[in-house]
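Me: Please take a close look at one part of this protein for me. I would like one helix and its surroundings, in short sentences.

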Amino acid sequence: MKSDSSTSAAPLRGAGGPLRSSEPVRASPARAPAVDLLEEAADLLVVHLDFRAALQACDRACRALAEEPAGTSLEVKCSLCVVGIQALAEMDRWREVLCWVLQYYQVPEKLPPKVLELCILLYSKMQEPGAVLDVVSAWLQDPANHDLPEYGTLAELHLQRVLLPLGCLSEAEELVVSSAAFGEEQQLELLQAIYTTRQQQKQEHSGTKEAQKLKQEASPSSLPFLYKLAQLFHWIQRAVSSRLYQLHVRD
């Protein structure tokens, strides 16, 4: 029986061409355990709705990443934090979000833009923007973040969702004027928003003072003198009448 020479003589081919006997076979790099835990956490969050287990998987993965060289798994770490933030929010533990992410990034300036954006949106939605005020301000002031493509978006989000609701109008104006992230047209729009907020504050303050004035004018301590005198006269009449009645009864 003849051997199939065309088959036996054909060289084995790899991804980069024919493999020679002297060339080692290239093995694909093993996936980091944190990647598997990320997939597990996402599955627990979205499919099984087991938010506590999803958060625990994120914690284990972040601790595993801490043992790897810095910068090797930045995207994985960011994705883990996104899943963890969502899990905490689903469990109504949103107040813990900021502390939770900072334990893995140590300082606000190192937070990924996506994580910082989620924090701003979350605390703003829950009407506690003051919780992220210092964190976002520190991130925006760090020169290392100024060239990031997300810088302008985060600066505007900080202004609209944090500074204006808190009434930090001077800080908002300084951010608009000093930041190179805003174009001229955008600067005018943001300054107009700040002006509108300032006018609303003045109206609210004026309305509050007017309400307090009306309340004071309606209180007994601030009634006109003649009215208070009439009240006193009425009280004397009642007292005298009561006394005369008592004397009449004794007689």
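Reply: What follows is a look at helix α5 and its surroundings.

This is a predicted model, in which local features need pLDDT of at least 70, side-chain atom pairs count only at pLDDT 80 or more, and totals for chains, interfaces and linings use all residues. Residues are numbered from 1 along each chain as its sequence is written, and side-chain values use heavy atoms, with hydrogens and water left out.

First, the setting. The protein has 11 helices and two strands. Helices (H or I, at least four residues) and strands (E, at least two) are DSSP runs, numbered from the N terminus. From the N terminus on, the order is α-β-β-α-α-α-α-α-α-α-α-α-α. Of the 251 residues, 31% are buried. Buried means under 20% relative accessible area, exposed means over 50%, and partly exposed lies in between (1.4 Å probe, protein chains only).

Now α5 itself. This helix covers residues 97–105, and its buried residues are Val97, Leu98, Trp100, Val101, Tyr104 and Tyr105. They cover an arc of only 165° around the axis, which puts them on the same side of α5. The arc is that of the directions from the helix axis to the C-beta atoms. The buried residues of α5 pack against α3 (51–65), α4 (74–90), α6 (113–125) and α7 (133–141). Contact here means heavy atoms within 4.5 Å. Just after α5, glutamine 106 takes a positive phi of about 65°.

Next, the rings. The structure holds three aromatic pairs. Rings of Phe, Tyr and Trp (its six-membered ring) pair if their centres lie within 6.5 Å; planes under 30 degrees apart count as stacked, over 60 as edge-to-face and the rest as tilted. One of the pairs joins tryptophan 94 and tyrosine 123, edge-to-face, at 5.8 Å centre to centre with 75° between the planes. This pair links distant parts of the chain: tryptophan 94 sits in the loop between α4 and α5, tyrosine 123 is in helix α6, and they are 29 residues apart. Tryptophan 94 and tyrosine 123 are both buried. The ring centres of tryptophan 100 and tyrosine 104 are 5.5 Å apart and their planes are at 80°, so this pair is edge-to-face. Both residues lie in α5, four residues apart, about one turn of the helix. Tryptophan 100 and tyrosine 104 are both buried.

Tyrosine 105 has a charge over its ring. Lysine 77 lies over the face of tyrosine 105, at 4.3 Å from the ring centre. The cut-offs for a charge over a ring are NZ of Lys or CZ of Arg within 6 Å of the ring centre and within 35 degrees of the ring normal.

Last, the partner helix α6. Its buried residues are Pro113, Val115, Leu116, Leu118, Cys119, Ile120, Leu122, Tyr123 and Ser124. They pack against α4, α5, α7 and α8 (151–166). At 1.5 Å a residue, the 13 residues of α6 should span 18 Å, and the end C-alpha atoms are 18 Å apart, which agrees. The expected span is 1.5 Å times one less than the number of residues. Just after α6, glutamine 127 takes a positive phi of about 60°.
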